[in-house]
Amino acid sequence: QDGAAGGGDGDGRPIADAAEALTLLRTCAAVVALHPDQAAEFAIRFALALRRPFAVVPCCVYAAEFPRRRLPRTGAPVRTYEDLLEFLQGLSPGIRRENLDFEGKRAVLFMTPADLEGASPAEGRDA
């Protein structure tokens, strides 16, 4: 089977079947999200739930759309970009942060396969 990358034209191939999409998601090797807007938290939670390595570069905070987000240390609402990074890192103690070498929002939050070895399978799930 070609896989999601498909036939080499660079555009991949469309997935129209829900069962096929679910299989691809469940069997992915890693989760990668560059400026995923509102999906940043969910990309990380998804990777943690499946115990997959990930790299997520969050961009916008969307504080009004996520009023229940709270900082792990203080319980204060997530309002700034730095708050968002702290909140996302609080989803699992193994999440690391580095800055990529480009302009703009460039903090990448990630876990490698080795990082996941020590993480609890329940991390990333809502309590």
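Which residue in β4 does asparagine 99 stand opposite? Asparagine 99 faces alanine 107 of that strand. The structure described here is a predicted model, and this report goes through its sheet, two of its helices and its enclosed space.

## The sheet

The sheet is open and is formed by four strands. Their order is β1-β2-β4-β3, and the pairing is mixed. At the edges are β1, covering residues 31-34, and β3, covering residues 96-99; each of these pairs on one side only. On average, neighbouring strands of the sheet are turned by 20° against each other, direction ignored.

Both senses of pairing can be followed strand by strand. β3 pairs with β4, residues 107-111, in the antiparallel sense over four bridges. β1 and β2 pair in the parallel sense, over four bridges. In this parallel pair, alanine 33 has valine 56 in β2 as its bridge partner.

## The two faces of β1

Side chains in a regular strand alternate between the two faces of the sheet. In β1, Val31 and Ala33 make up the covered face, while Val32 and Leu34 make up the uncovered one. Ala33, on the covered face, is also the residue bridged to valine 56.

## Helix α2 on the sheet

Helix α2 spans residues 40-50 and packs on the sheet. The strands touched by α2 are β1, β2 (54-57) and β4. The direction of α2 makes about 170° with that of β2.

## Helix α3

Why is helix α3 described as largely enclosed by the rest of the structure? Helix α3 consists of the nine residues 81-89, and seven of them are buried, so the helix is largely enclosed. The buried residues of α3 are Tyr81, Asp83, Leu84, Leu85, Glu86, Phe87 and Leu88. Among them are the charged residues Asp83 and Glu86.

The cover over these buried residues includes α2, β3 and β4. Helix α2 therefore appears in two places: α2 packs on the sheet, and α2 is part of what covers the buried residues of α3.

## The cavity

Rolling a probe the size of a water molecule over the atoms shows where empty space is left. With a cut-off of 30 Å³ or more, the count comes to one cavity. The largest cavity has a volume of about 40 Å³.

Which residues line the largest cavity? The lining is made up of Asp37, Gln38, Ala40, Glu41, Cys60, Val61, Tyr62, Phe66, Arg69 and Leu84. By class, six of the lining residues are nonpolar, one is polar and three are charged. Leu84, one of the lining residues, is also one of the buried residues of α3.

Conventions: Residues numbered from 1 in each chain as written. Predicted model: local features only at pLDDT ≥ 70, side-chain atom pairs only at ≥ 80, totals over all residues. Heavy atoms only, no water. 1 Å grid on protein atoms, 1.4 Å probe; cavity = no way out; pocket = protein on both sides within 12 Å on 5 of 7 lines; lining within 4 Å. Points joined across faces, edges and corners; volume = space filled by probe spheres on them. Pairing = 2+ DSSP bridges. Axes fitted to C-alpha atoms, helices over the stretch in contact; angles between N-to-C directions. Contact = heavy atoms within 4.5 Å. Buried < 20%, exposed > 50% of the residue type's maximum accessible area, 1.4 Å probe, protein only.
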